[in-house]
Each structure stands twice: as structure tokens, then as C-alpha cells.
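Visitor: I would like to walk through this model with you, one side chain at a time. Shall we begin?

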Amino acid sequence: MSSPELLLQVLRTQMRAAGVTYKVLAERISMSESSVKRMFGQQDMSLSRLAQICKAASIPMEDVLRGAADATPQSDSLTLPQEKSMLANPHLLLMAICCLGHWTLEQVLETYDLTEPECIMLLAELDRLGLIELKPLNRYRLRVSNAFRWLPDGPVQQFFREHAVDDYFSGSFNGAGETLLCLPARLSQPSALELVGRIQQLAGELARLHQGDRRLAPTERDGFTLLVGFRSWEFAAFTALRRTAPSK
């Protein structure tokens, strides 16, 4: 699907949600209903016309543009060389995580001891690596999907395992909106696969909430991290207590 098709598809979806039909829109922009239908059907719409329609339908134009950008097919992961490059500079990984959280340059500067030139260089490097598309005024658009994940057992995941897991689990997990569960179970392979599917749905729900809350002010949001693991495993100290099979 081309960009114009995608843009108009998002616009039509938001018009339906707002209860604005072609007939209603035609009345508001002083056109015939047939002309409006033809305009949408031929995908012949200037930027000024798009702005006029959004205003007439009371739909923020930035929501349409953002919706089209979010719907554009994107990669769910980086390549092995890209991840290796990400770890070459610790500041680069920090900036990558900030971008995945949709931080602005101003928020990064307010939070971390980095200069503006340093941040701009990091953004440019992330653009080169394909994580973001750097835009004017140091804004950016993610080139990866909401389902993005680091490569399984890749360089970044190994880095987190070595340096971040202990720090993550050192917390008490009793704050507002926090929880920690460790639930053992004996499952069949089909049941285990079913649960993996449910976990993937949970990741999608997290992405949806993250996307929706981007409209809130920065002061209304906080940084949360969902760390989920599911594998066939037994604590080594418990394994050592298992009965040995009797010798024949």
C-alpha cells in the first residue's frame, strides 16, 4: 500500500470514528458528495485540502499523519551488525532506548548529562543504523514497529543479561503499578505454546497503551519496563535435591 493510500485510509477510519460521512463532509467544505467520493477514490488530495478536511471533521491533522506513519510496515528487529554497532558506544544504547520510549531531545537533555551536540550526533548515528529517521529540528520517526524486540540472545540482550537483570530484580516491586510473579507449573507443549501466544498479546497491549499515552504530558507518564521470561527451567539448588534413578 502506497503512502497516499495509507494516509487516506487512516483519514477515512478517523472520519468514521467521528461520525463524519462523505455527505456531511461535502456540506462542510462546500463540495458535492460525488466530488468528495471521487477525490477519495482517485487519491487526489493536496496537503492544503487534507488540512481543510481535518479541520472540517474536527480531526487533528497530526493524528492522521501519525496514524499513517504508525501503520507503515516496519521491521520488528535490527540486524546483528546493527546491534553490535549499538553497543560500541554506551551513550548510543541509552539514546536508542530513549527513542524507543519516544523521548524528545529536550527530555533527554533535561534528564541525562549529555550536551546537545552529543545528542544530535547520537541521533544521526541511530538514523544511519536504521532505528530512526531523523527529521528537521532534531525530531525523528521510529523505523521499527511497536512489536520491536532485540535479537534473541543477540548482543543487546546479552548486555542486558550481564549488566541489567540484577539491577532490575533488586527492586521491591511494591510500588504503584508494579508487580513481580514467579509461577511454576507443569504444562504440555501445546499449553506452553498457547501461553507464549498470550505473552505476545500482552506485548501488543503494552505497545497499544504506550502509543496512546504519548499524547499525555511528560509529567503524567513514568518509565516502566516489562521483563517477561518463560522457559523450561528448575532452580539449580532444587535440581540438586532430585532423587537419582535407582541403578539396575
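Visitor: Happy to start with glutamate 133: is this residue buried, partly exposed or exposed?
Guide: Keep in mind that we are looking at a predicted model. Glutamate 133 has a relative accessible area of 24%. Buried means under 20% and exposed means over 50%, so glutamate 133 counts as partly exposed.

Visitor: Which residue meets the side chain of glutamate 133 in a salt bridge, at 3.6 Å from N to O?
Guide: A salt bridge needs a Lys or Arg nitrogen within 4 Å of a carboxyl oxygen of Asp or Glu. The pair here has an N to O distance of 3.6 Å. The partner of glutamate 133 is lysine 135.

Visitor: And what is the relative accessible area of lysine 135?
Guide: Lysine 135 is partly exposed. Its relative accessible area is 34%.

Visitor: Which residue is linked with Glu133 and Lys135 in a network of salt bridges?
Guide: Glu133 and Lys135 belong to a network of salt bridges. The other member named in that network is Arg141.

Visitor: Lovely. How far apart in sequence are the parts tied together by glutamate 106 and arginine 139?
Guide: These two form a salt bridge, with the closest N and O atoms 3.0 Å apart. Glutamate 106 lies in helix α8 and arginine 139 in strand β2 (residues 139-142), so the pair ties together parts of the chain. Their separation in sequence is 33 residues.

Visitor: What is the relative accessibility of arginine 139?
Guide: Glutamate 106, the partner in the salt bridge, counts as partly exposed at 37%. Arginine 139 also counts as partly exposed, and its value is 40%.

Visitor: Where does arginine 143 sit, the partner of aspartate 127?
Guide: Aspartate 127 forms a salt bridge with arginine 143, the closest N and O atoms being 3.7 Å apart. The pair links distant parts of the chain, 16 residues apart, with aspartate 127 in helix α9 (residues 116-129). Arginine 143 is in the loop between β2 and α10 (155-163).

Visitor: How many salt bridges does the model hold by this rule?
Guide: The pairs we have met include glutamate 106 with arginine 139 and aspartate 127 with arginine 143. By the same 4 Å rule, the count comes to 11 salt bridges.

Visitor: One last stop: is histidine 102 buried or exposed?
Guide: Histidine 102 is in the loop between α7 (90-100) and α8 (105-111). Beyond its neighbours within four places in sequence, its contacts include Tyr140, His210 and Arg214. Its relative accessibility is 17%, and the cut-off is under 20%, so histidine 102 counts as buried.

Note on methods
Residues are numbered from 1 along each chain as its sequence is written. This is a predicted model: local features need pLDDT of at least 70, side-chain atom pairs count only at pLDDT 80 or more; totals for chains, interfaces and linings use all residues. Side-chain values use heavy atoms; hydrogens and water are left out. Helices (H or I, at least four residues) and strands (E, at least two) are DSSP runs, numbered from the N terminus. Buried means under 20% relative accessible area, exposed over 50%, partly exposed in between (1.4 Å probe, protein chains only). Contact means heavy atoms within 4.5 Å.
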